[in-house]
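Subject: The structure I promised you

Hi,

Here is the structure we talked about, so please open it up and have a look around. My notes on what turned up in it follow below.

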Amino acid sequence: DPLEYKLPLLDLRFREYEEDDAPLDMQKISSAIRESDALVFVTGEYNHGIPPAMKNIIDHFGPDYKWRVAAIASYSAGNFGGIRAALALRTVLSAVGLMTLPATFAMSKVQDSFNDKGEALEQAYETRIQGFLDELEWYASAIAKAREKGVPGS
C-alpha cells in the first residue's frame, strides 16, 4: 500500500542499492515479494490507467517478481469497474516477470457496492470473489511446485 510504505520516486531500483543500504521499507517489500507465491494487485482507475504510486512501487522490485503469479482486482466509480486500468496493469506485471491470472476481479460503482466496513452489499460479489481466489490459489500452488524444481536460467 503506497500509503503504508513511503517509497521514493524511482531513482534507484532495490537491486541497485548496496547490501543493507536500501530504505527499510524497500527491504520489507522485497522480502515479502520473494517469500510469496502469489500477489494480488488492487487498483483504481485514473484516466484509464493505474495510479502513479502503484507503478512506482512495481518498478522498484522488478526481478523479485519473477516466477510468481499475480491477480488483479480493479475498481472504479463508473460502470467499467477499472477494467481499463487492469488491462494496463496486466502489461506492466508481465514486463516484470509475473504471470497474471486470466480473470480479473472488477468492481463497478464501488461507492454503491460496499458498505463503510468494506463488506459487499450484493451476494454476487461473494460468489465472484470466491471463484477468483480459488483460481489464484490453484495457479499459485502450481507455480510454487514448478519453482521448487528449478526455473529456466538458474
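Let's start with Asp64. Leaving aside its neighbours within four places in sequence, Asp64 is in contact with Phe14, Ser30, Ile33 and Arg34. You'll find Asp64 in the loop between α2 and β2, the latter covering residues 68-75. Is Asp64 buried or exposed? Its relative accessibility is 13%, so Asp64 counts as buried, the cut-off being under 20%. Before you go further, please keep in mind that this is a predicted model.

Salt bridges

How many salt bridges does a search of the whole structure find? The answer is four, and I'll walk you through some of them. As a reminder, side chains of opposite charge can pair when their charged atoms come close.

One of them joins Asp37 to Arg147, and there the closest N and O atoms are 2.4 Å apart. This pair links distant parts of the chain: Asp37 sits in the loop between α1 (24-34) and β1 (38-44), while Arg147 belongs to helix α5 (residues 123-148), and the two are 110 residues apart. Asp37 has a relative accessibility of 32%, so it counts as partly exposed. Arg147 is partly exposed too, with a relative accessible area of 23%.

Another salt bridge is formed by Glu45 and Arg84, with 2.7 Å between the closest N and O atoms. Here again distant parts of the chain are linked, with Glu45 in the loop between β1 and α2 (52-60), Arg84 in helix α3 (residues 83-95), and the two positions 39 residues apart. Which side of the buried cut-off does Glu45 fall on? At 15% relative accessibility, Glu45 is under the 20% limit and therefore counts as buried. Its partner Arg84 is partly exposed, with a relative accessible area of 31%.

Then there is a salt bridge between the side chains of Asp59 and Lys55, at 2.7 Å from N to O. Where do these two lie? Both are in helix α2, four residues apart, which is about one turn of the helix. Asp59 has 22% relative accessibility and counts as partly exposed. Lys55 counts as partly exposed as well, at 31%.

Helix α2 and its surroundings

Since we're at α2 anyway, have a look at how it sits against α3. Two packed helices are described by the angle between their axes and the distance between the axes. For α2 and α3 the angle is about 15°, and the axes are 10 Å apart. Angles under 35 degrees count as roughly parallel, so α2 is roughly parallel to α3. The crossing of the two helices is right-handed.

Which residues make the contact? From α2 they are Met54, Lys55 and Ile58, and from α3 they are Leu89, Val92 and Leu93. By class, that contact has five nonpolar residues, no polar ones and one charged residue. You met Lys55 above, as the salt-bridge partner of Asp59.

As for burial, Met54, Asn56, Ile57, Ile58 and His60 of α2 are buried. The buried residues of this helix pack against α1, β1 and α3.

Two residues with positive phi

Go back to the loop between β1 and α2, and look at Asn47, which lies in it. Asn47 has a positive phi of about 55° although it is not a glycine. At 80% relative accessibility, Asn47 counts as exposed.

His48 is in the loop between β1 and α2 too. Its phi is also positive, at about 70°, and His48 is not a glycine either. With a relative accessible area of 48%, His48 is partly exposed.

One more loop

Finally, try Leu121, in the loop between α4 (110-113) and α5. Leu121 is exposed, with a relative accessible area of 53%. Apart from its neighbours within four places in sequence, Leu121 is in contact with Asp112, Ser113, Phe114 and Asn115. How far is the C-alpha atom of Leu121 from that of Tyr139, which is 18 residues away along the chain? The two C-alpha atoms are separated by 28 Å.

Cheers

Key
Residues are numbered from 1 along each chain as its sequence is written. Side-chain values use heavy atoms; hydrogens and water are left out. Buried means under 20% relative accessible area, exposed over 50%, partly exposed in between (1.4 Å probe, protein chains only). Axes are lines fitted to C-alpha atoms, for helices over the stretch in contact, and angles run from 0 to 180 degrees between N-to-C directions. Angles under 35 degrees count as roughly parallel, over 145 as roughly antiparallel, 65 to 115 as roughly perpendicular and the rest as oblique. A crossing is left-handed if the near helix is turned anticlockwise from the far one by less than a right angle, and right-handed if clockwise. Contact means heavy atoms within 4.5 Å. Ala, Val, Leu, Ile, Met, Phe, Trp, Tyr, Cys and Pro count as nonpolar, Asp, Glu, Lys and Arg as charged, and the others, Gly among them, as polar.
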